[in-house]
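Please look over the structure shown here together with its sequence. The report that follows treats its backbone features first and its helix packing afterwards.

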Amino acid sequence: MAFEPPQRLVRALGETYGDKAVGDWLDQLPKTVQEAVDRRELDVERVMAPGGRSSLVVLVRRPDGTAAALKVAPPSASPALERAALEHWDGWGAVRLLGSTDGALLLERLHPEVSLRSLPEAKALLEAAGTVRRLWTEPPADHGFETVAERTERQAEAMRAFADPGAASLVATALAARDELTAESPELVLLHGNFRQGKVLAADRTPWLAVGPEPLVGERAYDLARLVRDRVEDLIAAASGAAAARRRMNKLADSLEVDRERLRGWTLFRAVESGTRAIAAGRRGEGELALEFAGWL
């Protein structure tokens, strides 16, 4: 079987890391996947398409017939850190890791076509809150995860270089919020890092499980910030979108015992960071939605 990467993956990796940086990995991808399949004697069903933006996912079956998913990501996506987080959670709130070799992760099979985005918003947020709460655990000893302060400093550097006069005030406000938030961290727990409704899939052994972590350690408010912005298109289109967004933010903060102002600050920073990054990558429509949302906060 030909393991050609979906075009969505090729475009996303090029935008994130540059075509040259990922070119060699993409050229070697068919061989890498075939070796991983042969090593574990897997039967291939199909490549997930359009798939994700950071990895190739192949639906497979193990020698005993058990359904599984093989995930292959470039080294720049830090698959070793994802493996470490999944090993630590051991299926608690997240997809279970069945094995790993050379950057390829063998995962339990979930239902990739059914995420929390398929539910009505109120129900989706309730299930999301219950899922992410399970992930917030004490990190393993001697872990290699970066901190929220470290990750956001790298992001802040790119934001400072963003040359769009129309967004200058919003960028400055977001950077100031980030500086204040990182001056003192109230806690250090293991975080998903990219938690949102689309990262929670239907499962068999429990109704919902998280996938695709970009793990780091820090405060819970950071992990909730991306969830606040979920379904931003619907919020922008609604006449009461700004008020609805603030209600959602406060409700999540209260239900998960997170400080409202810290959640507001991280939601602002992450929305502006996402918006400026999208615009810089040529996805202006997506970026402007995120910046408009940030302006409500």
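## Backbone features in the loops

In which loop is D142 found? In this predicted model, D142 belongs to the loop between α4 and α5 (148-160). Its phi is positive, at about 55°, although D142 is not a glycine, and the residue is exposed, with a relative accessible area of 81%.

A positive phi is also assigned to E257, a residue other than glycine, where the value is near 55°. E257 sits in the loop between α9 and α10, just after α9, and with a relative accessible area of 62% E257 is exposed. A further backbone feature concerns P50, placed in the loop between β1 (43-47) and β2 (56-61): the peptide bond that leads from A49 to P50 is cis, with omega near 5°.

## Helix α9 and its two sides

Helix α9 covers residues 241-255, and its 15 residues reach 21 Å from the first C-alpha to the last, which is close to the 21 Å expected at 1.5 Å a residue. Its buried residues are G241, A242, A245, R248, M249, L252 and A253. Why do they lie on the same side of α9? The reason is that they cover an arc of only 130° around the axis.

On the other side of α9, R247 and K251 are exposed. The packing partners of the buried residues of α9 are five helices, namely α4 (121-135), α7 (220-228), α8 (232-237), α10 (260-280) and α11 (284-295).

## Helix α10 and its partners α6 and α11

Two packed helices are described by the angle between their axes and the distance between the axes. For helix α6 (residues 168-182) and α10, the axes come within 9 Å and cross at roughly 135°, and the two helices are therefore oblique to each other, since this angle lies outside the ranges for roughly parallel, roughly perpendicular and roughly antiparallel. The crossing in which α6 passes α10 is left-handed. On the α6 side the contact involves L170, V171, T173, A174, L175, A177, R178, L181 and T182, and these meet R262, G265, W266, L268, F269, V272 and T276 in α10.

For α10 and α11, the axes come within 7 Å and cross at roughly 160°. Angles over 145 degrees count as roughly antiparallel, and α10 and α11 are therefore roughly antiparallel to each other. Here too the crossing is left-handed, as α10 passes α11. The contact is made by T267, L268, A271, V272, G275, T276, A278 and I279 of α10, together with R284, E286, G287, E288, A290, L291, F293 and A294 of α11. L268, V272 and T276 of α10 thus appear in the contact with α6 and also in the contact with α11.

## Q155 in helix α5

Is Q155, a residue of helix α5, buried or exposed? Q155 counts as buried, because its relative accessibility is 17% and the limit for that class is under 20%. When residues up to four places away in sequence are not counted, Q155 touches Y222, F269 and E273. One of these, F269, is also among the α10 residues that α6 meets.

The C-alpha atoms of Q155 and A221 are separated by 17 Å, and the two residues are 66 residues apart along the chain.

Notes. Residues numbered from 1 in each chain as written. Predicted model: local features only at pLDDT ≥ 70, side-chain atom pairs only at ≥ 80, totals over all residues. Heavy atoms only, no water. Helix = DSSP H or I, 4+ residues; strand = E, 2+ residues; numbered from the N terminus. Expected span 1.5 Å × (residues − 1). Buried < 20%, exposed > 50% of the residue type's maximum accessible area, 1.4 Å probe, protein only. Arc of directions from axis to C-beta. Contact = heavy atoms within 4.5 Å. Axes fitted to C-alpha atoms, helices over the stretch in contact; angles between N-to-C directions. Parallel < 35°, antiparallel > 145°, perpendicular 65-115°, else oblique. Left-handed = near helix turned anticlockwise from the far one by under 90°.
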